[in-house]
Amino acid sequence: MNRLDKQAFSGLYETVYKDMYYFALYMMKNPQDAEDAVSEAVMAAYQNIHKLNCAEAFRSWIFKILSNTCKKKLIKRSRKEKHETVRELREEEASDWEFPQENQDVRDAWETLTEEERHIVALSVFGGYNSQEIGELFQINANTVRSKRSRALGKMKALLQ
Amino acid sequence: MEQQERELLERLKQQAKEIEVPMSLRPGFMETNLQKMIHQKKRRVKQISILAAGLAAVIGIVCLVGVPNRRLEDANPVAESIRELSDVKMAESYADVYAYLKRQEKLDRNNSSILELFSGGGKKGSSMEMSVTSDGTNGNVDEFSQTNTRDSEVDEADVAKTDGRYLYVVTDEGDGVGVVDTKGGKLQEITTIKPEDCRGISEIYVQNERLIILCRRSTDDKDNIENRNAMATVIYDISEIDRPRLLNTFTQSGTYYTSRLYGDYLYVFSEFYVSTVQGKDNYEMYVPNVEGEILPCNRICIPDTDRANRYTVIVSINIKEAKETKDEMAILSDDSLCYVSTSHIYMCDSMYNDQGEKTTSIRKISYQDGELEGAAKAEVKGYLKDSFCLDEYKGYLRMVVTCSGGTKGGYDTTSNANTNSIYVLDENLKMTGEISGLAEDERVYSARFMGDTGYFVTFRETDPLFTVDLSNPKEPKIIGALKIPGFSEYLHPYGDGLLLGIGMEVDEKGVVASEVKLSMFDISDPADVKEIDKHVIERAYYSTAFENYKSVTIDAKRNMIGFSAQGAYQTYYLYEYEKGEGFTCNMEEGVTNDYNTRGIYIGDMFYLITGSYIESYSLENYERIDYIAI
């Protein structure tokens, strides 16, 4: 079996790192957390690159790792925030994510999505996943993914008009 | 996808391009960074920061015998923490169910923001937090390992299983179960079993010449609107391993949630979400079905709460015969935690009462020989951290909960301090004894009930390990409290008089959880528990053991503690423990996906399984013998 080595890693990483960061940022809604998530995912991927069979699968493989890393971090963050009140939580989330000024409306619309919706949309946009692949990752039906994504995008669209 | 949706996705993509990617992640820097991170001695402290005041490191033993207990005789105070409810309520007609869901839908619209917060933004992981009970005190050394389960007598499904010779492993693609022969330590793929119309395998069982596959069905989309019969339980006869024989496929609504196997009966739990309700007569749309038929209304259990947007569908199947489903029940619920003892299923929903305090609604269902019957229900104050926080023993249900103080009201949104409580409920879920007001401002991190004694860890700055004497159900008593820095997130009995804790160390200031810690407690005198050894894993700051007990392999008789932890790397660790010598690390292997990594032993071999990638190690010298990718 043809496995990849660590030398190939850098080249492959170059093709995906921007999208990885965008994905993490849209998921975590905080630049520091996003940076940490990408670093961790890259470390895990780097160390295990020999377990990947072909370069073509790299993107989807590393996004799977990143997606899990973000999810884990979000769980940890929510555990930490369990005791904070609704208002504090909202303020904190709102304050630490800076978007280029002119795109504020998109960010506001993004804020209305639930964590699951953010995850699905971000995987579609940055991970290049289709509904089938997202379904497999989440272990839900591809139809359900599509309807959840439509609902999420519908919500955003309404706000952006 | 609609044109408009595509445009919006494209817009998101374009706008993101204006965002600057941090220097540290750019390709040129990443390579140096990777090296640096590997050698970095101490990671920047940024992990699970625990908001805590003051300094830690008070090591002392506090004995709390004589904490004022509320007894049954003081009737009134007890009534405060439990709301006794009538019988488990089954629907009398589909109209009942319809009316409930309609009401729910309306509430949903009115309260969407609050609901979103309270439901925690989605599912809490379909592989619920629960765990194991092998007490490791009797019997011989096992030849091979079993999945670490919440109750040692009740089996649970997992992503990898063994029958002592073959490994059965869910492939990375989730479309099949690879069967690998381990004879002589060599790994040889025998076959991959791929059920038809089945994809996204969640978990499997291997027991009594049966392979049971729990998966998502891939059916014609038209036939499967809203997950109506989306999940399948596929049973194979594997008495001849090279010729697996399909016995039957059972379907039910929703997506797989969890399952249990006890005796000859399998209990499959799925979650079925009802997104919209259109038309009372359109039963198919809002009533779950099993084997293609919608459930009779009297098998649908309606909650007392107003917030329930999904069913937990429970189906029982005799796996020996594998002919037809034995029984079925659907429970309307919100976000259930499920605990299964050897005689009952407990479905616990976390809710809020009018004062904004968290409460737990418990529905108890008996399941003898596959027959599901509502037995009792109750609502108590406080919430459960995981399924280890409740435990059935000699007919009594013992619980340890954290009570959030609720908000102070008006414009003051700050919360009152948390406290923790112990409850003992009888078989009708009536409160018989209670201790409340424990460990103010802290919350429960882990718990383990062992016979008449219960242990639980709360945390703020130090880790009090409380010991509670439950021998008299009317008068639970705190008999010991050990304070040490850090906290345990998972407790596991480790042979005679020992209790293992896997948790986190805190830094010198007691403020930030820093690194994964193993603790060994001497519990031979429950009233005087001591931490006799501890070990900190440098640079590891999270362990899968905290969330998923099935991921650990702990066996006192084999002297083996296996689990994965995450630092810069995701790593699987295998430790042994000797009194006087402490913990010794025998293996430290990098893995791709620590959540799905499993360690299984057979005889003198240890198998490390990460999806389709399997490695074998000798347990004599811990050297790698072989590997295979299936």
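Helix H5 of chain A meets helix H1 of chain B through a small set of named residues: A:Asp105, A:Val106 and A:Trp110 on one side, and B:Arg11, B:Leu12 and B:Gln15 on the other. The model is predicted. H5(A) covers residues 104-111. H1(B) covers residues 3-16. Two packed helices are described by the angle between their axes and the distance between the axes. Here the axes come within 11 Å and cross at roughly 120°. Angles from 65 to 115 degrees would count as roughly perpendicular, and those over 145 as roughly antiparallel. H5(A) and H1(B) are therefore oblique to each other. The crossing of H5(A) past H1(B) is left-handed.

Stay in chain A for one more helix. H6(A) spans residues 115-125. Is this helix enclosed or exposed? Of its 11 residues, 9 are buried, so H6(A) is largely enclosed by the rest of the structure. The buried residues include charged-type names as well as aliphatic ones: A:Glu117, A:Arg118 and A:His119 are buried, and A:Ile120, A:Val121, A:Ala122 and A:Leu123 are buried too. A:Ser124 and A:Val125 complete the list.Now turn to chain B as a whole. It has 630 residues, and buried residues make up 59% of them. The chain holds 6 helices and 45 strands. Take the contacts in chain B between residues at least 6 apart in sequence: 55% of these join residues at least 24 apart. The accessible surface of the chain comes to about 25,200 Å². Carbon and sulfur atoms account for 45% of that surface.

Two of the sheets in chain B can be followed strand by strand. Begin with the sheet of 4 strands. It is open, and its order is E4-E5-E6-E7. The pairing is antiparallel. Strand E4 (160-162) and strand E7 (188-193) are the edges, and each pairs on one side only. From one strand to the next, the twist averages 20°. Look at the E7(B) edge. Strand E6(B), residues 177-181, is joined to E7(B) by 5 bridges, and the two run antiparallel. Within this pair, B:Gly178 stands opposite B:Thr192.

The other sheet has 5 strands. It too is open, in the order E12-E13-E17-E18-E16, and its pairing is mixed. Its edge strands are E12(B), residues 255-262, and E16(B), residues 300-301, each pairing on one side only.

Which strands show the mixed pairing? Two pairs that involve E18(B) illustrate it. E17(B), residues 310-318, pairs with E18(B) in the antiparallel sense over 8 bridges. In that pair, B:Tyr311 stands opposite B:Leu332. E16(B), by contrast, runs parallel to E18(B), and 2 bridges join them. There, B:Ile300 stands opposite B:Ala330.

E17(B) and E18(B) also form a hairpin, with 6 residues between the strands. B:Ala322 in this hairpin takes a positive phi near 50°.

E18(B) itself covers residues 325-333. In a regular strand the side chains alternate between the two faces of the sheet. How many residues of E18(B) are buried? The count is 8 of the 9, so E18(B) is largely enclosed by the rest of the structure.

Conventions:
Residues numbered from 1 in each chain as written. Chains lettered and ligands numbered in written order. Predicted model: local features only at pLDDT ≥ 70, side-chain atom pairs only at ≥ 80, totals over all residues. Heavy atoms only, no water. Pairing = 2+ DSSP bridges. Buried < 20%, exposed > 50% of the residue type's maximum accessible area, 1.4 Å probe, protein only. Contact = heavy atoms within 4.5 Å. Areas by Shrake-Rupley, 256 points an atom, 1.4 Å probe, with all protein chains shown as cover. Axes fitted to C-alpha atoms, helices over the stretch in contact; angles between N-to-C directions. Parallel < 35°, antiparallel > 145°, perpendicular 65-115°, else oblique. Left-handed = near helix turned anticlockwise from the far one by under 90°.
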